[in-house]
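Q: Hi! Could you walk me through this model?
A: Happy to, here it comes.

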Amino acid sequence: FENGDIAAIQSSLFAHYNQQIGDRLEVELGGRYEYINHTGNQVIPISYDGSEGGLDSDVSTVYDRSILVPSDQSNDYDFSYHNRSFSLAAAYLAEGQELFARASIAQKAPELNYYITYQSQLEKGISEDILQLELGYKYQRSRLEAEVIAFYSRQSNVAKSDFGQDEMTQQIFRLPIQLINARTIGLEFDWSAELNSKWKLIGQHTVQQSKSIDYTVVNSNETMMIEDDILIDFSKKELPHVPQAMHRLGIQGSYERFRADLSVFHMGSRYGNIENSFQMKAYQTIDLSLAYSLTSKCEVSLNGQNIFNSTGIANFFGPNTFGANANNATSEYISANPEADFVVFPILPRSIYFSIRYEI
C-alpha cells in the first residue's frame, strides 16, 4: 500500500585548517557547507473501504480492521536544505600524554525515511541542531593506555511522533509531529593494560545522564480528530531507552597459533518511556571468541555471543493493544492494569558461529 519515488542530491564544501603553536600546542579549525535536496512522489494509503467485516468480509476477525490500501492521492515534494557545521579543537601534547578539547556545532537534514514515516502530514522537515563539547586526556606509557573524555551533547528540533488508534473505526494513525530538544552529559573511560607480551586487559566505561529540555507528547483521546488532542509536557524528564551506565571488561590473549578474546558487557537500567513510569532492568552478557591458525594462510574460529543465554529487554513498545506506544504505559495505566501484557524486544539469545578463513 506504500509506493513512490524519492531522489536525493547531496553536495558539500568543507575546509580544514591546522596550526602548530610551539612544540606542544596544536589547534584545528573546520567548516562545512552542505546542500541537500529531496524530491519525491508518494502515494497516500487509506483504510480499506470494503464490505462489512473488513478485507476478508469476516466480522469475527479483527486483524484487518486497519488494513491500508493505495489511494488515488499522492504527496509531491521538493525540499532543499542548506546546512552549516563548524568545529574547533585544541590539543596540548607532552611525552606520552595529551590534553585536548573540542567544540562542534552542526546541522543535520532529515533522513529520507522522514517523508515515508510522516507522509500523512508531510511538510518540509526542520534540520536538527547539534552541539557537542568534549574535554579529554590521553595517557600512553609502556604497557598502559588510557583515555578519559567528559562530554556534553545537545540535540534540538528532533522530529518525533507516536501511533494512535481511533476507538470508533479502529484505524491506526500517526499523531502530530513534535519537535524534541534534549541534552546528555557524561564521562567515557577507555583503557588497556598489557599483563605480558601475550595477554592484555581492556575496559570501556560510559556513565551519562540524558534529559529532555523540551519534550511534548500528544494524547489523541483515541480519535483522529485533532480538536480534542491534549498536549502533555514531559520536559526535564530522563530520556527513555538511554542507559545511565555501560561497561565492557575483557581479556585478550595469544599463545603461538592460538588467540582468545573474552568480554563481559553490562547494560545499565533505562526508563521505558518519557513519563519515567518504570525502568527496564540492567542485564549482562558474556562473549567468547577462540581462533586457531592451522597454517600461515588458514585460520578456524569459534565465536560465541551471549554464551550463557542471559535475558534482558532491549526495547519497549507499550501495551499489547492495537495502536499502542511506549508512552501509553503511564504510571496510572500500570497501576490500573497489574496483569496487562506489553510488547517488548528482548536481547538476542545465545548464538555460536564457526568459520574458516583462507587467504590466497
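Q: How far apart are the mean positions of the positive and negative charges?
A: They are 14 Å apart, for 27 positive and 45 negative charges. Lys and Arg count as positive, Asp and Glu as negative, with His and the chain ends not counted; each charge is placed at NZ of Lys, CZ of Arg, CG of Asp or CD of Glu.

Q: Anything I should know about the source?
A: This is a predicted model, where local features need pLDDT of at least 70, side-chain atom pairs count only at pLDDT 80 or more, and totals for chains, interfaces and linings use all residues. Residues are numbered from 1 along each chain as its sequence is written, and side-chain values use heavy atoms, leaving out hydrogens and water.

Q: OK, how many helices and strands are there?
A: Two helices and 23 strands, as DSSP runs numbered from the N terminus (helices H or I, at least four residues; strands E, at least two).

Q: And what box do the C-alpha atoms fill?
A: Roughly 75 × 50 × 50 Å along the principal axes.

Q: Let's switch to Thr285. Where is it?
A: Thr285 lies in strand 19, which covers residues 283-293.

Q: Buried or exposed there?
A: Thr285 counts as buried because its relative accessibility is 12%; the cut-offs are under 20% for buried, over 50% for exposed and partly exposed in between, with a 1.4 Å probe and protein chains only.

Q: Which residues does Thr285 touch?
A: Leaving aside residues up to four places away in sequence, Thr285 touches Ser263, Val264, Phe265, Asn306, Ser310 and Ile347 (contact means heavy atoms within 4.5 Å).

Q: How much of the whole protein is buried?
A: Of its 360 residues, 31% count as buried.
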